[in-house]
Amino acid sequence: MSNTTETIFSKIIRKEIPANIVYEDELALAFTDINPQAPVHILVIPKKPIINIANAKPEDQALLGHLLLTVRDVALQAGLENGYRVVMNTGADGGQTVNHLHIHILGSRPMSWPPG
Ligand code: AMP
């Protein structure tokens, strides 16, 4: 994982590469994952290039709350009334592959526990 905050998600935010965007506001963007791991697999990201939750700052508090409420709204919009899994892969051991904070919403199938 590179340390730069310029990632493929920066290009999606700037609309330089296509994505199936399902929600957008001034702070956040949500789009379907290109390699879905469930029938519904959506990523919610901040437009601000925070690397991951481990790199978030106290001044990001309101933004992080906004992202979680966006998860709620996007999951509802996607019809996940039966529940869903929310995941933030963080750093190398967390399995993070894109160096821009993102929240996975996975749904429309039962999830097992523990995760792999
Ligand atoms: P993570 O492994 O938690 O860092 O998740 C990164 C996610 O981004 C993976 O699930 C990828 O499938 C997804 N991804 C990578 N590139 C794109 C893209 N261009 N459009 C949509 N999703 C992407």
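**Exercise 1. Determine the order in which helices and strands follow one another along the chain, and assess how compact the protein is.**

*Solution.* Step 1. From the N terminus on, the order of elements is α-β-β-β-α-β-α-β. Helices (H or I, at least four residues) and strands (E, at least two) are DSSP runs, numbered from the N terminus. The protein has three helices and five strands.

Step 2. The radius of gyration, taken over C-alpha atoms, is compared with the globule rule, 2.2 Å times the number of residues to the power 0.38. The protein has a radius of gyration of 14 Å, close to the 13 Å that the rule gives for 116 residues, so it is as compact as a globular protein of that length.

Step 3. The C-alpha trace spans about 35 × 30 × 30 Å along its principal axes.

A note on the source: this is a predicted model, in which local features need pLDDT of at least 70 and side-chain atom pairs count only at pLDDT 80 or more, while totals for chains, interfaces and linings use all residues. Residues are numbered from 1 along each chain as its sequence is written, and side-chain values use heavy atoms, with hydrogens and water left out.

**Exercise 2. Describe the largest nonpolar core and state which elements give two or more residues to it.**

*Solution.* Step 1. A nonpolar core is a set of buried Ala, Val, Leu, Ile, Met, Phe, Trp, Tyr and Cys residues joined through side-chain atoms within 4.5 Å. Buried means under 20% relative accessible area, exposed over 50%, and partly exposed in between (1.4 Å probe, protein chains only).

Step 2. The largest core has 16 residues, of which Ile42, Val44, Leu67, Leu101, Ile103 and Ile105 touch the most other members. Two or more residues come from each of β2 (28–32), β3 (40–46), α2 (61–77) and β5 (103–107). The largest share, six residues, is that of α2.

Step 3. Take Ile103 as an example. Leaving aside residues up to four places away in sequence, Ile103 touches Ile42, Leu43, Val44, Leu67, Leu68, Val71, Val86, Val87 and Met88, where contact means heavy atoms within 4.5 Å.

Step 4. A second, separate core of eight residues includes Phe9, Ile12, Leu29 and Val98.

**Exercise 3. Locate His102 and decide whether this residue is buried or exposed.**

*Solution.* Step 1. His102 is placed in the loop between α3 (91–94) and β5.

Step 2. The relative accessible area of His102 is 6%. The cut-off for buried is under 20%, so His102 is buried.

Step 3. Among the residues that His102 touches, beyond those up to four places away in sequence, are Phe9, Val44 and Met88. The C-alpha atoms of His102 and Ile50 are separated by 9.1 Å, although these residues lie 52 residues apart along the chain.

**Exercise 4. Compare the accessibility classes of Gly95 and Leu106.**

*Solution.* Step 1. Gly95 is found in the loop between α3 and β5, whereas Leu106 lies in strand β5.

Step 2. Gly95 has a relative accessible area of 40% and is therefore partly exposed. Leu106, at 11% relative accessibility, counts as buried.

Step 3. The C-alpha atoms of Leu106 and Ala38 are separated by 5.8 Å, with their places 68 residues apart along the chain. Leu106 also touches Ala38, and its other contacts include Tyr84 and Met111.
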